[in-house]
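Q: Hi! I've just pulled this one up and would love a quick tour. Could you walk me through it?

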Amino acid sequence: MTQLTVTAQKRPNPYLSIDSLDPESELMLLHFGPQHPSTHGVFRMDLYLDGEIIVKAVPHCGYLHRAVEKLCEKLSYVQLTPIVDKNDYVAPMTNEQAIVMACEAMLKLEVPRRARWMRALFAELQRIASHLLAIGTFCLDLGGALGGGSTAFIYCFRERELILDLFEDVTGARFHYNTHTIGGNRHDLPAGWGAKVKAVLDVIEARMPEYAALTIENRIFQQRTKNVGVLDGELALELGVTGPNLRASGIDHDLRRDAPFHAYDEVKVNVAVATGGDCYARSIVRVAEVKESLRLCRAFLDGMPEGPINSGKPTKLTVQTKIPAGQVYVGIETPRGELGTWLITDGTQNAYRLKIRPPSLHALSALPYILPGYTVSDAVAILGSLDPIMGEVDR
Amino acid sequence: MNEFLQGGLYGGGIIVAIMSSLLFVLWTERKMAARMQSRIGPTFTDPLGFLQAPADVLKLLQKEDIIPEKADRALFNNAPLLGATVAIAGAAVVPFSATIVGADLEVGVLYLLAVGALGVLPVFAAGWGSNNKFALLGAMRAIAQSVSYEVPLVLAALVPVILAGSMKLSDIVAYQSSHHWLVVWPFFLGIPAFGLFMLAMLAESNRIPFDIPEAESELVAGITTEYTGMKFGLFYMAEYLHTVIASAVASALFLGGYDGPIAPGLWWMVLKTGLLVVAIYWLRWSLLRFRSDQLMALCWRWLVPSGVVLVVGAAVWVVFAG
């Protein structure tokens with residue numbers, strides 16, 4: 001496992017300098033959001049503009065706060081998965097996995113091998129779906145809802161639908177699956193599902209050049225994204241940015257390889273890394289990760305072991321299940337980065353505290369550092385390239 | 001009196017014809033975009049969703065007309081009307097066939113450019129009058145863009161003027177039918193000038209990839225942010241009018257206008273204009289958007305110099321070969 005070291009630097013605090021703004025200055029304060037078409041949900045930035053150049057940026061989140069963490073303290077452990085599904089609503093599979101893995105770690109449950117492989121397969125399919133959405137909405141930000149951007153967006157959604165259909169075959173739900181339970185999975189793979197998955201993977205693989213032509217190989221796309229929103233690796237580490245955003249800044253870090261969970265220790269993961277740290281680098285990392293996920297999905301399908309999909313306890317876990325007192329931190333690599341779950345238990349049937357570390361929140365924390373100096377148009381591109389999901393930022 | 005009557009009839013007829021052609025243009029764009037995006041497009045308003053545009057207009061007419069409290073009411077209310085008027089004013093001098101032309105002015109091209117330049121006024125009135133920051137930003141962008149792209153537009157339009165030796169659009173078309181269409185010969189002047197004209201026209205009418213003033217992913221809806229109902233509809237209509245008329249002008253200036261074999265002139269004009277409109281929408285639904293500073297750079301660093309070269313080239317051609 002590679003060790004990441006963070007050296008805190010003397011950086012000007014972007015928030016402090018906002019307070020010292022001259023009130024007499026000619027800057028225009030633009031409330032960017034929460035009702036704005038391209039803030040990816042309800043997110044607000046206060047942009048202090050000089051003409052169209054951003055001088056300061058103050059992000060405000062919390063418009064989508066649903067008190068998920070508090071809710072999790074009131075529910076029993078088996079009731080948690082459908083709640084956390086709604087955190088990162090673009091990648092619900094990985095949310096569920098994080099929470100059940102934390103509970104399993106506390107209960108010291110051995111998850112059957114088939115369940116672990118299924119989880120890894122689900123996670124990779126989810127990564128493809130999530131990255132397709134990220135690329136599509138990024139194009140929407142760059143190209144507008146009534147133009148080429150929406151064409152790329154709909155192409156990406158078309159393929160994402162195929163993956164949702166696959167999940168529907170397994171779990172009966174297209175979005176909030178509730179398919180992971182503590183100790184294993186709830187639904188086994190239906191007969192003939194593997195062939196369907198392979199067909200979908202082939203379709204997506206065949207259409208990858210199309211996305212590339214619309215996005216990373218497109219001249220206008222390159223002009224809009226290259227050297228825009230440069231996030232240097234050290235700053236990214238300091239802020240705790242993870243996932244594709246960190247890898248685009250040249251830091252080779254991926255929990256799938258560095259701290260393997262599920263079945264990632266049995267299948268080699270090639271980590272896509274790009275240098276530059278700009279919006280373009282983030283885009284090419286995502287496109288490369290889709291390609292890598294296609295390969296991983298095939299590997300997981302081919303190697304899918306037989307066996308039970310649950311830990312084989314004679315009785316299933318119930319609402320009354322108690323977890324012994326203690327605490328655990330589980331971090332897994334979701335499409336957006338490291339999703340951490342810190343579970344503190346007190347021996348009762350409810351968690352004492354459940355802290356969720358959403359990768360999107362840390363990505364957004366880079367905004368005040370990287371936005372100044374760019375224009376309003378770039379702000380949209382930068383925000384879109386960070387791929388935040390407000391559901392998990394605000395929880 | 002006769003002249004007035006004739007003018008009124010012609011003008012009214014042309015306006016009605018163009019307005020009804022908008023129905024077809026809107027339907028074509030929606031169906032085309034839908035097919036490009038593997039969708040079906042409007043289907044419920046029979047036949048084939050053709051009545052979607054009238055249905056949209058009916059819906060817009062029923063909307064509440066909201067005027068922001070702190071808006072400059074005079075500017076805010078009149079900007080959409082002015083926008084639609086200016087957009088359709090260009091149609092007056094376009095020769096749709098040898099006989100169908102509203103006013104065959106001696107200075108037709110000059111008139112077109114002047115009316116085109118006027119198009120920035122309603123945009124700024126809307127942006128300023130709305131008293132909205134997004135609208136203001138959009139208006140600022142629109143002014144910079146329109147004023148800059150005026151230059152390559154004029155330069156590109158000068159090429160056929162120099163070659164034909166007249167600013168009268170019917171003369172330019174007549175020159176092309178007696179010689180060659182300008183994109184055919186001299187093609188080394190005609191084709192670049194045609195491309196330049198279309199680019200500058202797109203930028204002037206704020207269409208993708210140049211629709212920066214109303215970039216909805218950045219500026220919510222730019223200048224139309226505060227507009228509701230039919231006032232918004234008028235801006236929308238003005239945009240489509242501008243596209244259609246710009247295509248008609250481009251086909252008159254460079255593609256020989258109503259000149260063509262077998263079929264009557266009007267048919268050729270409609271065909272050429274229609275093809276250009278389709279090309280514009282094809283671009284629109286496949287390209288992303290530029291950033292405004294990149295757009296300015298494109299204009300001043302590439303389009304204006306090449307426009308100058310083209311004008312000089314046209315002059316040299318006229319002297320030595322024409």
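A: Happy to! One term before we start: two strands count as paired if DSSP finds at least two bridges between them. By that rule, β1, β2 and β3 of chain A make an open three-stranded sheet in the order β1-β2-β3, with antiparallel pairing. Do keep in mind that this is a predicted model.

Q: Good to know. Which strands are at the edges of that sheet?
A: Those are β1 and β3 of chain A, each of which pairs on one side only. Neighbouring strands in this sheet are turned by 20° against each other on average, ignoring direction.

Q: And how many bridges join β2(A) to β3(A)?
A: Seven bridges link β2(A), residues 44-50, with β3(A), residues 53-60, and the two run antiparallel. If you want to check the register, A:L49 has A:I54 as its bridge partner in β3(A), and A:D46 stands opposite A:V58.

Q: What does the turn of that hairpin look like?
A: Two residues lie between the strands β2(A) and β3(A), and A:G51 takes a positive phi near 70° there.

Q: Where is the other sheet I see in chain A, the one with β6, β7 and β8?
A: That one is an open sheet of three strands in the order β6-β7-β8, also with antiparallel pairing. β6 (326-334) and β8 (351-357) of chain A are at the edges with a single partner strand each, so one side of each has no neighbour in the sheet. On average, neighbouring strands here are turned by 15° against each other, direction ignored.

Q: What about the β6(A) and β7(A) pair, how many bridges there?
A: Nine bridges join β6(A) to β7(A), residues 337-345, and these strands run antiparallel. As one example, A:Q327 has A:I344 as its bridge partner in β7(A).

Q: Which helix lies across those two strands?
A: Helix α4 of chain A, residues 92-107, lies across β6 and β7 of chain A and runs at about 150° to β6(A).

Q: Switching topic: what does the contact between the chains involve?
A: Chain A brings 30 residues and chain B brings 24 residues to the contact. On the chain A side, β1 (28-32), α5 (113-143), α6 (148-171), α8 (219-225) and α15 (376-386) each supply at least two residues.

Q: Which of them gives the most?
A: α6(A) does, with six residues. By class, the side of chain A that touches chain B divides into 13 nonpolar, 13 polar and four charged residues.

Q: You mentioned α15(A). Is that helix mostly covered or exposed?
A: Mostly covered: eleven of its eleven residues are buried. Among them are A:V376, A:D378, A:I382 and A:L386.

Q: What comes right after α15(A)?
A: A:D387 follows α15(A), and its phi is positive, near 55°. Most residues other than glycine have a negative phi, and A:D387 is not a glycine. A:D387 sits in the loop between α15 and α16 (390-394) of chain A. A:D387 has 27 other C-beta atoms within 10 Å, so it counts as buried.

Q: Where else should I look for a positive phi in a residue that is not a glycine?
A: Try A:N178, with a positive phi of about 55°. A:N178 is in the loop between α6 and β4 (180-181) of chain A. A:N178 is partly exposed, because 18 other C-beta atoms lie within 10 Å, and 20 or more would be needed for buried.

Q: I also have A:G276 marked. What surrounds it?
A: Leaving out residues up to four places away in sequence, A:G276 touches A:A248 and A:A281. A:G276 is in the loop between α11 (255-258) and α12 (279-302) of chain A. A:G276 is partly exposed, with 19 C-beta neighbours inside 10 Å.

Q: Last one, over to chain B. How do α5(B) and α6(B) cross?
A: The axes of α5(B), residues 120-129, and α6(B), residues 133-164, come within 8 Å and cross at roughly 160°. The two helices are therefore roughly antiparallel to each other, and their crossing is left-handed.

Q: What residues meet there?
A: From α5(B) they include B:V123, B:F124 and B:W128, and from α6(B) they include B:L136, B:I143 and B:V147. By class, this contact has eleven nonpolar, three polar and no charged residues.

Conventions. Residues numbered from 1 in each chain as written. Chains lettered and ligands numbered in written order. Predicted model: local features only at pLDDT ≥ 70, side-chain atom pairs only at ≥ 80, totals over all residues. Contact = placed C-beta atoms within 7 Å. Helix = DSSP H or I, 4+ residues; strand = E, 2+ residues; numbered from the N terminus. Nonpolar A, V, L, I, M, F, W, Y, C, P; charged D, E, K, R; others polar. Axes fitted to C-alpha atoms, helices over the stretch in contact; angles between N-to-C directions. Parallel < 35°, antiparallel > 145°, perpendicular 65-115°, else oblique. Left-handed = near helix turned anticlockwise from the far one by under 90°. Buried ≥ 20, exposed ≤ 12 C-beta atoms within 10 Å, placed from the backbone.
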